[in-house]
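The following exercises concern a protein and DNA assembly. Each task is followed by a solution that proceeds step by step.

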Protein chains: 2
Amino acid sequence: MSDHVEKLLLQWSDVRPDLDCSPMGIIGRIGRMEKFLSPSVEAVINSHGMSRIEFDLMATLRRANGPLTPTELYKTTMLSSGAVSSKLDKLVDRAWVERLVNEEDRRSCRVILTEKGIGVIDPAVEDHVYNQKKLLESLTSEEQQTLGNLLAKWLGEHENQL
Amino acid sequence: MSDHVEKLLLQWSDVRPDLDCSPMGIIGRIGRMEKFLSPSVEAVINSHGMSRIEFDLMATLRRANGPLTPTELYKTTMLSSGAVSSKLDKLVDRAWVERLVNEEDRRSCRVILTEKGIGVIDPAVEDHVYNQKKLLESLTSEEQQTLGNLLAKWLGEHENQL
DNA sequence: TATTGTTATACTCTATAACTATA
DNA sequence: TATAGTTATAGAGTATAACAATA
């Protein structure tokens, strides 16, 4: 069973035999796997009445198990500060999160999930994880382990370059 | 050296010990690796005076080594037909590609790279591949091989579900 | 009637920076 | 003067479907 990128590499070796295109084999496939995964992940999340970004914010708050500032939120989610602000507005509208005044530094605030918000994000995360599990079933659990470790190794070195 | 997703999994196991979040370890990392790779890939491509989408279209034409219809282009690049149409307009403006009339089916056309276009895409691809190679250097060539094979296996089964 | 490609629309996301209120 | 967060703006991409020309 060959994939799209394999055909692409064959074409390149015909047209530009002087070029070693093997790095495309990995980076091209990472991008392609992302493109295949996204619609499924998005669909599950949307079925819980939220966008993927809103899910990321709520899930970040949930697993932090306590208040976070908008700055902490945009740094861990890799979003811009502006994006976090406007998304928080919409989550506050739905009473899924609250902004608490920070008495120690009144420029800042602390964002928390409401009880209602926890009631929304918990089943969403459960569905999300179940969906992810199904999506990976075409690899054995050993292959999944290996894949996860290789990605973790790469990320460990690149994230720490920041 | 631990990565961001590992910390995230630890947090989940604290807050929701009932949930097996290990699938996040792979899908989360795929998305995160993509987010780290993109800016670098984009920067190299932009330095050749084109957007990533324009690069994808030009590279697709280059390795096809002959004319393609807009339909073939949007299917292989996973873009919408509308996106391809408007991007082709801009590439035609720069005289990097041409639309040839298809005498056999006058609804359709055949898109080709001009000599000028080939002169632009070839060095861009060379730079792109070199950049990708550098980006992967934190993995050994054996690890790269394993990673590519695992991704290819997953994609081979999912792409063929279409 | 179906298909190819183009065009138009509205929507989302992004990046940037101006702005406010505090420190 | 610097920082935290909000707000406003413009640009790029996407999805959708209406549309014209042709089959």
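**Exercise 1. Describe the extent and the composition of the contact between chain A and chain B.**

Solution. The structure is a predicted model.

Step 1. Begin with the residues that take part. Chain A contributes 61 residues to the contact, and chain B contributes 62 residues.

Step 2. Turn to the area. About 6800 Å² is buried between chain A and chain B, and 72% of this area lies on carbon and sulfur atoms. On the side of chain A, 12% of the area buried against chain B is supplied by Ile27(A), Arg63(A) and Trp154(A), more than by any other three residues.

Step 3. Consider the polar links. Between chain A and chain B, 17 residue pairs are in polar contact, both residues having pLDDT 80 or more. Six helices of chain A each supply at least two residues of the side that touches chain B: H1 (4-15), H2 (22-46), H3 (52-64), H4 (70-77), H6 (115-135) and H7 (141-159). H7(A) provides the largest share of that side, namely 15 residues. By class, the side of chain A that touches chain B consists of 29 nonpolar, 16 polar and 16 charged residues.

**Exercise 2. State how many salt bridges cross the interface of chain A and chain B, and examine one of them.**

Solution.

Step 1. Eight salt bridges are found across the interface of chain A and chain B.

Step 2. Take the pair Arg16(A) and Asp122(B) as the example; their closest N and O atoms are 3.3 Å apart.

Step 3. Apply the criterion. A salt bridge requires a side-chain nitrogen of Lys or Arg within 4 Å of a carboxyl oxygen of Asp or Glu. Arg16(A) and Asp122(B) do form a salt bridge.

**Exercise 3. Determine how chain A and chain B are related in space.**

Solution.

Step 1. Chain A is superposed on chain B by a rotation of 180°, with 0.0 Å of shift along the axis and an RMSD of 0.0 Å. The two copies are therefore related as by a two-fold rotation axis.

Step 2. Compare the surfaces used. Of the interface residues of chain A, 100% are also interface residues in chain B, so the copies meet through the same surface.

**Exercise 4. Identify the protein residues around DNA strand D and the parts of the strand that they approach.**

Solution.

Step 1. There are 17 residues around DNA strand D, and those that come nearest are Thr71(A), Ser85(A), Arg99(A), Arg107(A) and Lys87(B). Of the atoms of DNA strand D that come within 4 Å of the protein, 73% belong to sugar and phosphate.

Step 2. Inspect individual approaches to phosphate oxygens of DNA strand D. One lies 2.5 Å from a polar side-chain atom of Ser85(A). An N or O atom in the side chain of Ser108(A) is 2.9 Å from a phosphate oxygen of the strand. Arg106(B) takes part through its backbone, a polar atom of which is 3.0 Å from a phosphate oxygen of DNA strand D.

Step 3. Assign the elements. H4 and H5 (81-93) of chain A are the elements that give two or more residues to the surface near DNA strand D. H5(A) gives the most, with four residues.

Step 4. Classify the residues. The surface near DNA strand D has four nonpolar, six polar and seven charged residues.

**Exercise 5. Repeat the analysis for DNA strand C.**

Solution.

Step 1. DNA strand C is surrounded by 16 residues, the closest being Thr71(B), Ser85(B), Arg99(B), Arg107(B) and Ser108(B). Sugar and phosphate make up 71% of the atoms of DNA strand C that come within 4 Å of the protein.

Step 2. A phosphate oxygen of DNA strand C lies 2.9 Å from a polar side-chain atom of Lys87(A). For Ser108(B), an N or O atom of the side chain is 2.7 Å from a phosphate oxygen of the strand.

Step 3. H5(B) supplies the largest share of the surface near DNA strand C, four residues. By class, this surface has three nonpolar, six polar and seven charged residues.

Definitions and conventions: Residues are numbered from 1 along each chain as its sequence is written. Chains are lettered from A and ligands numbered from 1 in the order in which they are written. This is a predicted model: local features need pLDDT of at least 70, side-chain atom pairs count only at pLDDT 80 or more; totals for chains, interfaces and linings use all residues. Side-chain values use heavy atoms; hydrogens and water are left out. Contact means heavy atoms within 4.5 Å. Buried area is the accessible area (1.4 Å probe) that two parts lose on being put together, summed over both. A polar contact is a pair of N or O atoms within 3.5 Å; within protein, one must be able to donate a hydrogen and the other to accept it, and residues adjacent in sequence count only if both atoms are side-chain atoms. Ala, Val, Leu, Ile, Met, Phe, Trp, Tyr, Cys and Pro count as nonpolar, Asp, Glu, Lys and Arg as charged, and the others, Gly among them, as polar. A residue is near a molecule or strand if one of its heavy atoms lies within 4 Å of it. Copies are superposed by least squares on the C-alpha atoms of residues with pLDDT of at least 70 in both.
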